[in-house]
Amino acid sequence: MSALYQEEIAGCCRQLRLSSILAEYAMTTECDTNQEYLYQVLSRTIAYRRDCRIGKLIGSAGFPKPYDFSQFRADEVEFQTGCSLESLKSLEFMHQGRNIIMYGGTGTGKTMLSICIGIRLCESGIPVRFFRTAALINRLSEQKTAGTLSHFLKKLNKTEVIILDEFGYVPYDRTGSQLLFDYLSEIHEKKLVILNTNLEFSRWVNVLYDEQMTSALIGRLTHHCHLILFPGGNNRLRESSLNETYHEIAAKNRKEE
């Protein structure tokens, strides 16, 4: 094919609203039959579109650093019944409509695992946003002050999974806590939340201030939820009140279903 044909094919792509990369593939693909040639050009174009979409989703997710499951060590992680590393890789929690709460000390792997899951979601075409919780609260407060909160929330609504990292690492002001509560209440059973924390449920009130609001938030997050423990050598986490409270809530939810 001559360069003329490449220009003509590119013009056809524009009229058909196809990616111009198809014209490039048309010049570099060689096959034995016309049918095989057409299939190879179209399938390469589809793969290119998919890779571009995945790259865009990962780029807009806000991950602080890329990780994949091959880098994650699960030997010191405790998964509750119905959840495993393999089920996370296959995104079963998405099909089940379950949130994920990861609980453990600093540096035990919660952030890494949540990013691994987030990138796998992006690779499956599912929009994700990653926030350090304090940063999201600051954004919500800034947008509210600027009068643009509804616009910001509309952008967040395009996301199917919200990852909140470092929940409870620093106290939040009352206005910020209320904004976070309002947002998580709004997306309850509409979007899924992956939340990483080093705080037992009994201590959440120390950063949210209001007992009723704290109780309501815990109830909504754990309504359909997997709890993953990161003991990291600290046996007290295995026996923590969070683990006990989680099982009490899970039992109650099973009775109500």
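These legends describe close-up views of a predicted model. Local features need pLDDT of at least 70, side-chain atom pairs count only at pLDDT 80 or more, and totals for chains, interfaces and linings use all residues. Residues are numbered from 1 along each chain as its sequence is written, and side-chain values use heavy atoms, with hydrogens and water left out.

**View 1. Arg73 and Asp75 form a salt bridge.** A salt bridge is a side-chain nitrogen of Lys or Arg within 4 Å of a carboxyl oxygen of Asp or Glu. Side chains of opposite charge can pair when their charged atoms come close. Here the closest N and O atoms are 2.9 Å apart. Arg73 is exposed, at 63% relative accessible area. Asp75 is exposed too, at 55%. Buried means under 20% relative accessible area, exposed means over 50%, and partly exposed lies in between (1.4 Å probe, protein chains only). The areas come from the Shrake-Rupley method with a 1.4 Å probe, and for residues only the protein chains shown count as cover. A search of the whole structure finds five salt bridges.

**View 2. Lys89 and Glu86 pair within helix α4.** The helix covers residues 85-89. Helices (H or I, at least four residues) and strands (E, at least two) are DSSP runs, numbered from the N terminus. The two residues sit three apart, about one turn of the helix. Their side chains meet in a salt bridge of 3.4 Å, N to O. Lys89 is partly exposed, at 25%. Glu86 is exposed, at 52%.

**View 3. Glu186 reaches Lys190, and Glu189 has a positive phi.** Glu186 and Lys190 form a salt bridge, with the closest N and O atoms 3.0 Å apart. Glu186 is partly exposed, at 47%, while Lys190 is exposed, at 61%. Glu189 lies in the loop between α9 (174-186) and β5 (192-197). Its phi is near 65°, a positive value in a residue other than glycine. Glu189 counts as exposed, at 57% relative accessibility.

**View 4. Tyr209 also has a positive phi.** The angle is about 75°, although Tyr209 is not a glycine. Its loop runs between α10 (205-208) and α11 (211-222). Tyr209 is partly exposed, at 31%.

**View 5. Four residues form a positive surface patch.** They are Arg53, Lys56, Lys155 and Lys158. Patches are made of residues with over 30% relative accessible area and no salt bridge; like charges are joined within 9 Å, and nonpolar side chains (Val, Leu, Ile, Met, Phe, Trp, Tyr) within 5 Å. Lys and Arg count as positive and Asp and Glu as negative; His and the chain ends are not counted. The place of a charge is NZ of Lys, CZ of Arg, CG of Asp or CD of Glu. Lys56 belongs to helix α3 (residues 34-61). It is exposed, at 65% relative accessibility.

**View 6. Why does Cys13 lack a disulfide bond?** A disulfide is a pair of cysteine sulfur atoms within 2.5 Å. The closest cysteine sulfur to that of Cys13 is in Cys12, 7.0 Å away, so it is too far for a bond. The structure holds zero disulfides. Cys13 is buried, at 2%. Cys122 is buried as well, at 0%.

**View 7. Met112 and Tyr67 meet across the sequence.** They are 45 residues apart in sequence and 6.5 Å apart in space, C-alpha to C-alpha. Met112 lies in helix α6 (residues 110-123). Met112 is partly exposed, at 22%.
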